[in-house]
Amino acid sequence: MMDEKTLKQRVAQTVLTQKFPEMVGIEPVVETGPAESQLRALRRRRAFVTDEDISNVPIEHKLTYHRPETADQPFDRTVVVITDEAGTPQLVIESK
Amino acid sequence: MRPVWMPASNCLTMPFLFAPLMATNRMSSRRLCATWCHANGAKYVLILGGDNIVPFFRVPDRTPVAAPGQAILSDSYYFESHGSDLSHWPEAAVGRMPDGGDDVGELLVAQLGRSARAHRAGGLQLNGGNLGLSTHTWQVASASTYKRIDKFKKGFFTSPPIGRALSPAAGVKRLLDAAMLPKAGILFVNLHGHHAQPLWWGEQRVAGFPVRWPSVLDLKLAQQIDFTDTVVFCEACHGAAIHRHTTTSSLALCALKQGAPAFFGSTVATYSITSPDAAVHLEAGIDALFSHLIDQIVRRRARFGEALCDAKQYYQFDNAFDEKNGLGLTLLGDPMLRLGGRVPVDEGHG
């Protein structure tokens, strides 16, 4: 599995510098686990989901960047980048 | 301590006496609410009063940015029996008419009167004037959703350039003023919001960097607007965060006081979801929820509460993030209301 430092660098290069440069330099919270959307789909299809089912769900990384409200920015902002196991960004989530 | 059952309309109203049970914020109160709906075949639930009277359910917020003990405030969470930690699945059309605090029930009575008038008229009669307000950065997603209100995008503006802080050098062409807001129309808002301040902002980015956040709508301006028969769809963060607020500290409550029969907004932060190549991803995120909701209400003439319930269920199929968007989205208004008039032939069921 990709190490955390490389993952953060990759997300910073591929997403943050282009879309959210103000978030570069913010330390993200990194969570790794089964892809949530696929886990949901699995639970919708089956009443009972085993540990084996869950272990077959691909891994995803979720990096959460939070920038509190400041004098320059009148409200706080959150950006979440979801990548696949290899660290390739899949979704970008942005607070309104 | 029983909810009031109105068999003629399949509607359950949650009066003040029911509040102490809901205030316990326990799973037992959820089960009881769901059971009441099932037992009475209730499709609609109208909650009377604000958070101080009938509290929102506090669902623990498990997102990494949440402060310890922070919760997602939700009405629809009371009325699901098949949901799970990973999927919110409301089963009743829920709406809330908040009270106005120390106004001796004035706001509540006004909302009930408005709602009764609209029902007698066969639904809310709109005059066709609409307004859409979006940040410059979210204009693609906003325009796509607004087309469900008006396919020619008449009355659609981005901020900047529209804004109250007029600066010709920065390209602001026109000020937003109270007269621009539609009376008996639809107001669509996709701007930045704040958890405590009654203010919505636009946003502009240059080379990716946010360069300014002009104020678009604040309390002073909202108090000048005639919201009579205007339905508000607000995607902003904390758009319907009415807890601990009054008509002088919340734009949502102010809009209701000024005559809005329905306000759709979130009690918490909202999230858009896009693909990394910046293409708009309308199948997920708050944009998808509103797009579906507006489609149901405007083009299919669904009742407001049903449309909201349907949008939340539909949202689950493509939800790629946490439950905040679905749980927090709230209808402040009568869940049985609908738009009047016929579905336009060229727009219906498209």
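The legends below describe close-up views of a predicted model.

**View 1. Chain A as a whole.**
Chain A has three helices and four strands. Along the sequence they follow the pattern α-β-α-α-β-β-β. Its C-alpha atoms fill a box of roughly 50 × 25 × 15 Å along the principal axes. Of the 96 residues in chain A, 47% are buried. The accessible surface of the chain comes to about 4800 Å². Carbon and sulfur atoms account for 49% of that surface. Among contacts in chain A with a separation of 6 or more, 49% join residues 24 or more positions apart.

**View 2. The second largest pocket, with both chains in its lining.**
This pocket holds about 560 Å³ of space. Its lining counts 26 residues. Those closest to the centre are Gln70(B), Ala71(B), His195(B), His238(B) and Val268(B). Which elements give two or more residues to the lining? They are strand S3 (77-84) of chain A and strand S5 (71-74) of chain B. By class, the lining has 10 nonpolar, 10 polar and six charged residues.

**View 3. The largest cavity.**
The model has five cavities of 30 Å³ or more. The largest has a volume of about 130 Å³. It is lined by 19 residues. His194(B), Gln197(B), His238(B), Ser250(B) and Leu251(B) are the closest to its centre. Strand S10 (199-201) and helix H6 (251-257) of chain B each give two or more residues to the lining. The lining divides into 10 nonpolar and nine polar residues, with no charged ones. His238(B) also appears in View 2, among the residues closest to the centre of the second largest pocket.

**View 4. The second largest cavity.**
About 70 Å³ of space lies in this cavity. Thirteen residues form the lining, and Ser76(B), Ala92(B), Val94(B), Leu308(B) and Lys312(B) lie nearest the centre. Strand S6 (93-97), helix H8 and strand S18 (329-333) of chain B each supply two or more lining residues. Which element gives the most? H8(B) does, with four residues. By class, the lining has eight nonpolar, three polar and two charged residues.

**View 5. Helix H8 of chain B.**
H8(B) runs over residues 304-316 and has 13 residues. From first C-alpha to last it reaches 19 Å. That is close to the 18 Å expected at 1.5 Å a residue. Is the helix mostly covered or mostly open? It is mostly covered, with 10 of its 13 residues buried. The buried set starts with Phe304(B), Gly305(B), Ala307(B), Leu308(B) and Cys309(B). It continues with Ala311(B), Lys312(B), Gln313(B), Tyr315(B) and Gln316(B). Two of these, Leu308(B) and Lys312(B), are among the residues nearest the centre of the second largest cavity in View 4.

**View 6. Arg301(B), in the loop before H8.**
Arg301(B) sits in the loop between helix H7 (285-299) and H8 of chain B. This residue has a positive phi of about 55°, although it is not a glycine. Most residues other than glycine have a negative phi. Is Arg301(B) buried or exposed? Its relative accessible area is 15%, so it counts as buried. The cut-off for buried is under 20%.

**View 7. Lys153(B), a second positive phi.**
Lys153(B) lies in the loop between helix H4 (139-146) and S8 of chain B. Its phi is also positive, at about 55°, and it is not a glycine. Lys153(B) counts as partly exposed because its relative accessibility is 34%. That value falls between the limits of 20% for buried and 50% for exposed.

**View 8. A cis peptide bond at Pro160(B).**
The peptide bond from Ser159(B) to Pro160(B) is cis. Its omega is near -15°. Most peptide bonds are trans. Where does Pro160(B) lie? Pro160(B) is in the loop between strand S8 (156-159) and strand S9 (186-190) of chain B.

**View 9. Ser291(B) in helix H7.**
Ser291(B) belongs to helix H7 of chain B. Its relative accessible area is 6%, so Ser291(B) is buried. Which residues does Ser291(B) contact, leaving aside neighbours within four places in sequence? They are Thr145(B) and Arg148(B).

Note on methods. Residues are numbered from 1 along each chain as its sequence is written. Chains are lettered from A and ligands numbered from 1 in the order in which they are written. This is a predicted model: local features need pLDDT of at least 70, side-chain atom pairs count only at pLDDT 80 or more; totals for chains, interfaces and linings use all residues. Side-chain values use heavy atoms; hydrogens and water are left out. The expected span of a helix is 1.5 Å times one less than its number of residues. Buried means under 20% relative accessible area, exposed over 50%, partly exposed in between (1.4 Å probe, protein chains only). On a 1 Å grid over the protein atoms alone, a cavity is a set of points where a 1.4 Å probe fits but cannot get out, and a pocket is an open set with protein on both sides within 12 Å along at least five of seven lines; lining residues have an atom within 4 Å of a point. Grid points are joined across faces, edges and corners, and a volume is the space filled by probe spheres set on the points. Ala, Val, Leu, Ile, Met, Phe, Trp, Tyr, Cys and Pro count as nonpolar, Asp, Glu, Lys and Arg as charged, and the others, Gly among them, as polar. Contact means heavy atoms within 4.5 Å. Accessible areas come from the Shrake-Rupley method with a 1.4 Å probe; for residues, only the protein chains shown count as cover.
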